[in-house]
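Biologist: I should like a close look at a single part of this model, namely the place where two domains of one chain meet. Please begin with the chain itself.

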Amino acid sequence: MTERNEGSGVFAGRKLNRRDFLKMGSAGLAGAALLGAAGCGGGSGGSGEIIFSYGPDTDGSIAKLIDKFNKQNKGGIQATHRQMPADTGQYYDKLRTEFQAASGDISVIGVDVIWPKQFAPQNWIIDLSDRFPASEQKKFIPSTIEVASYEDGVYAVPWVSCPDVGLLYYRKDLLEESGISGPPETWDELKEMALQVSEEAGIQNGFIFQGSNYEGGVCNALEYIWTHGGDVLDENNKVVIDSPEAAAGLATYASMVSSGAAPEAVANWTETESSANFYNEDSVFIRYWPSLYGGLGDPETTKLKPEQVGIVPIPTDKPGNPSYSTLGGWQMSINVNTEIEDDAWKFIQFMTSEQSQKTRTIINGGDPSREAVYDDPEAQKATPVIKLADTVLFDNGKSRPVTEYYGDMSLEMAEQFNSVLKGDVSPEEAVKALQESLSQIMEETQ
Amino acid sequence: MSVASASTEKKRRGWFKEEFGDPERRTAYYMVLPSLLIIVIIAFFPILYGIVLSLTDSTIAGFGSFVGLENYTEMFQDPDFLEGLSNTVIFTVVSVALEFIIGLGIALAINRAFRGRGLVRAAVLVPWAFPTVIAAVMWRLMFQSQVGIIQYVASATDIISDPILSSRTLLLIAAILVDVWKTTPFMALLLLAGLQVIPGEVYEAARVDGANVTQRFFRITLPLLKGAILVALLFRTLDAYRVYDLFWVMSNRELQSLSTYVYEGVRISQLQFGPGNAASVFIFVTAFLIALFFIRVLGMRTSAEEE
Amino acid sequence: MASATTTGRTSGRGTLGTVLFYVFLVIFVLVSVFPLLWIFKMSIVSKTELFASPPTILPHTPTSAEYAQIFSDPAFQQALVNSTIISAVTTVICLFFGSLTAYAIARMRFRFKSPIMTLILAISFFPAVAIIAPLFIQYSQVGLINTYASVIITDTVFALPLTIWLLVAFFRELPVDLEDAAKVDGATTIQAFRKVIVPLAAPGVFTTAILTFIFAWNEFLFANTFLLDQATQPVTVAIPNFATVYTVDYGAQAAAAVVVTVPLVILVLIFQRRIVSGLTAGAVKG
């Protein structure tokens, strides 16, 4: 800023020279320091480190495993965990941004099971078929390999927890008191028992689940559609949701609330509300993920003891029909932009090995994807649900209809399913509307 | 505008030299320039870019090809957009009306000394101090079906039996209430300041002339308050029209407004980028028209006329 | 600042009127303050009491566990740091550019004052959501996504009208010949500036700083759009997302809301006179 000569009213020029010089100085320094600090948020891995992206390591199992890997790999390349948002939507957003910027920072990506089929068509993750042959794949639960596959390749290695499946929990003690011989097998039985037991035992809610307008709601509703024989896409990725079976499934879904077996509030409940309600001993039945079991017997979480709660597969429409549970969980992929593919693979091999999966299952309580770990007595003791629910985990997991634009499809389905639950639209209207909107989206994919 | 008329006295050719030749004036322009530059680069240039984008089939990943008004037709046929539009209009009209009426009432009521005036003013500012997002989180907790006090009271007294957070109608009403809670104080303050400028003698004279309360209010207070009222109304209307934080956080994406529609289109979904951009331009144009309406039609003065 | 004297016009209301008046005031104060109190209660009760139905009015099982939890949560600490940095830097930059501009507009003569003021005013009407897509694209191209800079720059633009508006009003209040009078008395320009202008302008600048800081602190849309993870997200984005992979923690959300809001409320209460005068100065004099 140049000094100005004296002149009328030019006090302004002088005064602000001084003042804004000070301000400029401080602003500049502050700004520069912060932009500098902010610019290099996280540091670049490049070829010096294996960066593994995943959500928060709430129980320390990731840190423990990475520690072990680094010790084993002493002198070689080290690995580190880069923490991602707890909210999977945000995590997904972040990954998309990184991919679009062709950034090779993150080498190993912890992926939600619905991501490989979205990332692979865009060539964002690597086909691991040559490193991960069929002989190896056999050691994992088949449904977990299915979600990782796209066209002829396999794009992720299943980890823990995977598969995460929907289960039906019930209060064994309350059912006994009501003189009911066993848990329900069909949806109608569930409704009856829910109404009966909740009334007799004076419990607030018969049956609760996650019906809010979000991804979890999609997971819930799909189980009804599948167990009635309907589906969203067929093997050729054609949209087939407009079918009497699917409509029947959604009708059952809505009837849970309209019959009074489930409270109206489930239409805006997610995992938080539903688990809190069950832990508070306010419901007889709940549809939830395997993680619910770990809270039983922990006095800080609930007064319920494990002996009071039983687990069965998701009900079906007619006895003897196959049960399906929506498949969730986490896997590991390699970023196509990484410069250290071999090291990344080494890391994945380590983390998905039998030993590592066992460690994580024991600490984290998630279910392993390797079938061998299920037979390990230590794992069974630490995480009883894997034994209790093993048939469901092994056989009933079904993948959501994931394609390139699953995000948009999910938004449509979440809204329609939620409207059906609230009684705003009829199941027939919903499946027709979805047939149209999903077909439009599918037209955009190759 | 006296500055302009003063300058027009000079010869036309001379104004350029007068403006930029005079060192003092040049300094003034230098001082103003940085702000203007930032504003133009960050706000106005992107809007132009946005208009261009809205006429193409681009996605967030790459620039697309020209498609004319296709995005706009898609947008106008999208039920989500129409829902957002109707929610936004209802929200704007109702909440601004309520805030104005209640705010004016409060301003009139506390426009005199009384005990506890400081306390009231403090209480008035508390809702205003909340970040909108935090207020939304708080109220959502209170409306929540399990831990929420309001849901509990409403159900217990049989006013409402549905879960508030499930019904779009109830959510809209809830949003209006929260906005009124949060912003009425601000309205009241603005109007109060306007009231306090009115000299007491004017009222005395009117009372002497035999005017009653109503007449004094409508013939004296309102006209003298017109400037402050219009400013307050314009700002609040445009604020309400742009509502995003409140809807997004309090309803957990359930309730749609124009702004949430845009956000969903350009940041969440992958295929709705085009209509999302079209909606951006739509909001911009309509907001501009609203402001124009206030300034031209209702005769609001902008604060530049001061020399 | 309008004086606090009475301009009581309606006289002779009588006792009933006065009682009603005070009842109305009490209700008004309660409604304004109730949510904060309730959320505070939610933040100090145990988890089981939180879900009790019917909800308890007074806490039965008070605990500070929620506060302990959030204060030991690195994500929350980081969010507080992020908010502070973003707001502080935005305020400094706004004051810098804003005071230049405001001084020019308030104290100097030049031709295009009116259009310039209109342009600046137009920003306060500007629907920010309309530019998040183009800005996101542009910021990505220069690598600013997920850095403080993206939000600071954008917040500055949208805070500038407020800053300028306030400072113009404050500068206009300063006596016109102040600078010249000081110089006539023998002060050098710098001395006049330091000893005369600064003390007089300081309260105005200070108030403007507070209001700008609050504005930046409350900002959500840009932070939500441009900042993608915990390292950079401010409290406005972090608190609604107080979640683990599986659940939302209501008690922690309540505690975090209290922690974030109480300093603001205290700040506002301490400086309420200044704030009110600042906010209303522009409206009334404009």
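In what order do the elements of chain B run from the N terminus on?

Modeller: Chain B runs α-α-α-α-α-α-α-α-α-α-α-α-α-α from the N terminus on, with 14 helices and zero strands (DSSP runs: helices H or I of at least four residues, strands E of at least two). The model is predicted, so that local features need pLDDT of at least 70 and side-chain atom pairs count only at pLDDT 80 or more, while totals for chains, interfaces and linings use all residues. Residues are numbered from 1 along each chain as written, chains are lettered from A and ligands numbered from 1 in written order, and side-chain values use heavy atoms, leaving out hydrogens and water.

Of the 307 residues in chain B, 57% are buried (under 20% relative accessible area, 1.4 Å probe). The chain is divided into domain 1 (3-54) and domain 2 (77-297), with bounds from an automatic or database assignment. Their centres, taken over C-alpha atoms, lie 35 Å apart. Each domain gives five residues to the contact (heavy atoms within 4.5 Å).

The buried area, meaning accessible area (1.4 Å probe) lost on putting the two domains together and summed over both, is about 440 Å²; carbon and sulfur atoms give 84% of it. On the domain 1 side, I47(B), L53(B) and S54(B) lose the most area, together 73% of what that side buries. The rule finds zero salt bridges across the interface (a Lys or Arg side-chain nitrogen within 4 Å of an Asp or Glu carboxyl oxygen).

Technical notes
Buried means under 20% relative accessible area, exposed over 50%, partly exposed in between (1.4 Å probe, protein chains only).
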